[in-house]
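Student: I should like to examine how the terms applied to a structure follow from its computed values. May we proceed term by term?

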Amino acid sequence: MSGSGPMNVFDIAGRAMSAQLVRLNATASNMANAGNVTGSAAEAYRAIKPVFQSVTDSPGVSTVKVDKVVTTDAQPTKRHDPNHPLADANGDVWEAAVDSNAEMIDMIETARMYQNNVQVLNTAKSLMLETIRIGK
C-alpha cells in the first residue's frame, strides 16, 4: 500500500509490475544457469521461483507482492563425462536443475503480464488527462 491512504490504480499496477520484475529476474537467473555443470549434486544450481502474496486494501481492492523467493525441488541431472574437468571420481558431472523450455514460457508469460500492467497505467493516465481536458 502507498502508506498515505487507500490504494489507487497506480499503486495496484505498480506493485504488480514490481512483482513481475522479480519474477522476470528469477527467470533470467535460471536461464543464465541452465546447462551449467558441477562436480556434485549438492553444488548444482537449482531453479528459483518467487512466491506471491495477495495484498488487500479493502474489499474489491487488492494487488500482489513477493513474499519470498524459493529454490525448487528439481534435482540436477547426473551425466557421465569423465573428460570434463569438474567430473567427480566416478567421471560424473551434475547439470543444473533448470527446464529451459518451462523458463522460456515463464519469461514470455511474465513479460505479457508486465506489459498488461503498463497498459493499465497508460489507460488510467489517458483517462485522467481527458477528464482534466473536459473540465476546462
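Tutor: The discussion below concerns a predicted model and sets each term against its cut-off.

Student: Why is the packing of H1 and H2 called roughly antiparallel?

Tutor: Helix H1 (residues 9–33) and helix H2 (residues 100–135) pack at an angle of about 160°. Angles over 145 degrees count as roughly antiparallel, so H1 is roughly antiparallel to H2. The two axes are 9 Å apart, and H1 passes H2 in a left-handed crossing.

Student: What makes up the contact of H1 with H2, by residue class?

Tutor: The contact residues divide into 17 nonpolar, six polar and five charged.

Student: Why is the pairing of glutamate 103 with lysine 49 called a salt bridge?

Tutor: The closest N and O atoms of glutamate 103 and lysine 49 are 2.9 Å apart. A salt bridge requires the side-chain nitrogen within 4 Å of the carboxyl oxygen, so the pair qualifies. Glutamate 103 lies in helix H2 and lysine 49 in strand E2 (residues 48–58), so the pair ties together parts that are 54 residues apart in sequence.

Student: Is glutamate 103 buried or exposed, and what is lysine 49 called?

Tutor: Glutamate 103 has a relative accessible area of 3%; buried means under 20%, so glutamate 103 is buried. Lysine 49, at 26%, falls between the cut-offs of 20% and 50%, and therefore counts as partly exposed.

Student: What makes lysine 78 and aspartate 92 a salt bridge?

Tutor: Their N to O distance is 3.7 Å, which satisfies the condition of within 4 Å. Lysine 78 is in strand E4 (residues 77–80) and aspartate 92 in strand E5 (residues 92–95), 14 residues apart. Lysine 78 has a relative accessible area of 51%; the cut-off for exposed is over 50%, so lysine 78 is exposed. Aspartate 92, at 8%, is buried.

Student: How do you know that glutamate 130 and arginine 133 are separated by about one helical turn?

Tutor: They are three residues apart in helix H2, so about one helical turn separates them. Their side chains meet in a salt bridge at 2.3 Å, N to O. Glutamate 130 is partly exposed at 33%, whereas arginine 133 is exposed at 53%.

Student: Which residues are joined into one network by salt bridges that share partners?

Tutor: Arg23, Lys49, Glu103, Asp106 and Glu109 form that network. The structure holds seven salt bridges.

Notes. Residues numbered from 1 in each chain as written. Predicted model: local features only at pLDDT ≥ 70, side-chain atom pairs only at ≥ 80, totals over all residues. Heavy atoms only, no water. Axes fitted to C-alpha atoms, helices over the stretch in contact; angles between N-to-C directions. Helix = DSSP H or I, 4+ residues; strand = E, 2+ residues; numbered from the N terminus. Parallel < 35°, antiparallel > 145°, perpendicular 65-115°, else oblique. Left-handed = near helix turned anticlockwise from the far one by under 90°. Nonpolar A, V, L, I, M, F, W, Y, C, P; charged D, E, K, R; others polar. Buried < 20%, exposed > 50% of the residue type's maximum accessible area, 1.4 Å probe, protein only.
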